[in-house]
Amino acid sequence: MTASPPQVPAYPRIAVQNGRATVSLGALTRSRHCTFRCTFCYVNDDFKRGGRSTIQEVTEALREVNASSYEVILVSGDTDSFAPPRRSEGVALVEALSAFGKSVAFTTRALLSDEDIAVLVRSAERLRSQGKWLCAQTSLTQWTVPYLEPHPVPPAEARISQLRRLRATSLYTGVALRPLLPVVPLSDYTALLGEVAEYVDYVLIGTWFADAEGQLEKATLGDGPCSTYTVSDVRMDFDANTATWREYRSSEAEASCRAVAARLGVPLFDR
């Protein structure tokens with residue numbers, strides 16, 4: 001008897017939670033989710049068979065969602081919709097989403113061109129005229145541990161420089177300083193918060209979810225220290241997947257980030 005092929009989740013998958021509709025262009029292919037190969041990314045594991053979506057498919061799926069159930073559309077950083085070779089497609093997706101009359105945010109590690117930023121500014125102005133906003137969230141995970149975000153992920157310095165450029169426009173800006181990782185020294189988080197403080201409206205932090213089989217831990221932790229982190233087996237509270245994950249959390253790292261952010265006057269939120 002021939003075994004059934006693995007089930008591929010229907011895409012585009014629109015997740016609506018806490019007034020936010022989360023969308024994505026999905027994976028590049030069924031075997032390669034993103035050209036950014038961050039070692040810690042949980043999409044490397046149970047998300048890896050997700051499908052790819054076009055802009056039209058995303059917007060059509062979003063129109064099927066009750067508009068009163070959300071106020072913000074988030075282009076997720078999971079399977080980075082702006083990673084090469086899709087940077088322009090990710091920008092075009094944001095432009096299309098600005099027609100929904102909802103505030104829009106997107107998360108990326110990619111660098112944007114002047115033309116990309118011009119398109120985003122036009123989208124921001126369109127939303128502003130409706131009393132809504134557009135926010136660009138930049139993902140930053142480390143300052144001195146580059147193997148976690150290997151090429152072609154742009155260096156942290158380049159992403160911070162882009163934040164400076166975006167801050168000079170009509171976009172709101174934020175930093176996703178997550179996940180907090182055991183192999184990243186607390187001094188990295190202090191340094192990153194200091195570098196971005198004057199260019200952001202807020203900072204997000206979050207815990208790390210590793211697969212139960214240990215593949216992400218092997219790629220990310222090596223023999224690195226984990227003494228200040230507690231590990232619990234959990235289900236994700238922000239996604240519908242049914243896998244059990246190993247959640248790494250450090251009260252010390254979180255408290256350190258909060259203290260530095262408070263000193264710098266930067267609003268900080270947990271995920």
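## A bridge to start from

Let's begin with one residue pair: Ser-232 has Glu-247, in strand E10, as its bridge partner. This is a predicted model, so keep that in mind for everything below.

Zooming out from that pair, E9 and strand E10 (residues 245-249) are joined by five bridges, and the two strands run antiparallel.

## The sheet around it

So where does this pairing sit? Strands E8, E10 and E9 make up an open three-stranded sheet, in the order E8-E10-E9, with antiparallel pairing. Strand E8 (208-211) and strand E9 (230-234) are the edge strands, each pairing on one side only. On average, neighbouring strands here are turned by 30° against each other, ignoring direction.

## The whole protein

Stepping back further, the protein counts seven helices and eleven strands. Its radius of gyration comes out at 18 Å, close to the 18 Å the globule rule gives for 271 residues, so the protein is as compact as a globular protein of that length. As for its dimensions, the C-alpha trace spans about 65 × 50 × 35 Å along the principal axes.

## Inside and outside

How much of the protein counts as buried? Of its 271 residues, 52% do. Turning to contacts with a separation of 6 or more, 78% of them are accounted for by residues 24 or more positions apart.

On the outside, the protein exposes about 12,500 Å², and carbon and sulfur atoms supply 50% of that area.

Key: Residues numbered from 1 in each chain as written. Predicted model: local features only at pLDDT ≥ 70, side-chain atom pairs only at ≥ 80, totals over all residues. Heavy atoms only, no water. Pairing = 2+ DSSP bridges. Helix = DSSP H or I, 4+ residues; strand = E, 2+ residues; numbered from the N terminus. Axes fitted to C-alpha atoms, helices over the stretch in contact; angles between N-to-C directions. Rg over C-alpha atoms; globule rule 2.2 N^0.38 Å. Buried < 20%, exposed > 50% of the residue type's maximum accessible area, 1.4 Å probe, protein only. Contact = heavy atoms within 4.5 Å. Areas by Shrake-Rupley, 256 points an atom, 1.4 Å probe, with all protein chains shown as cover.
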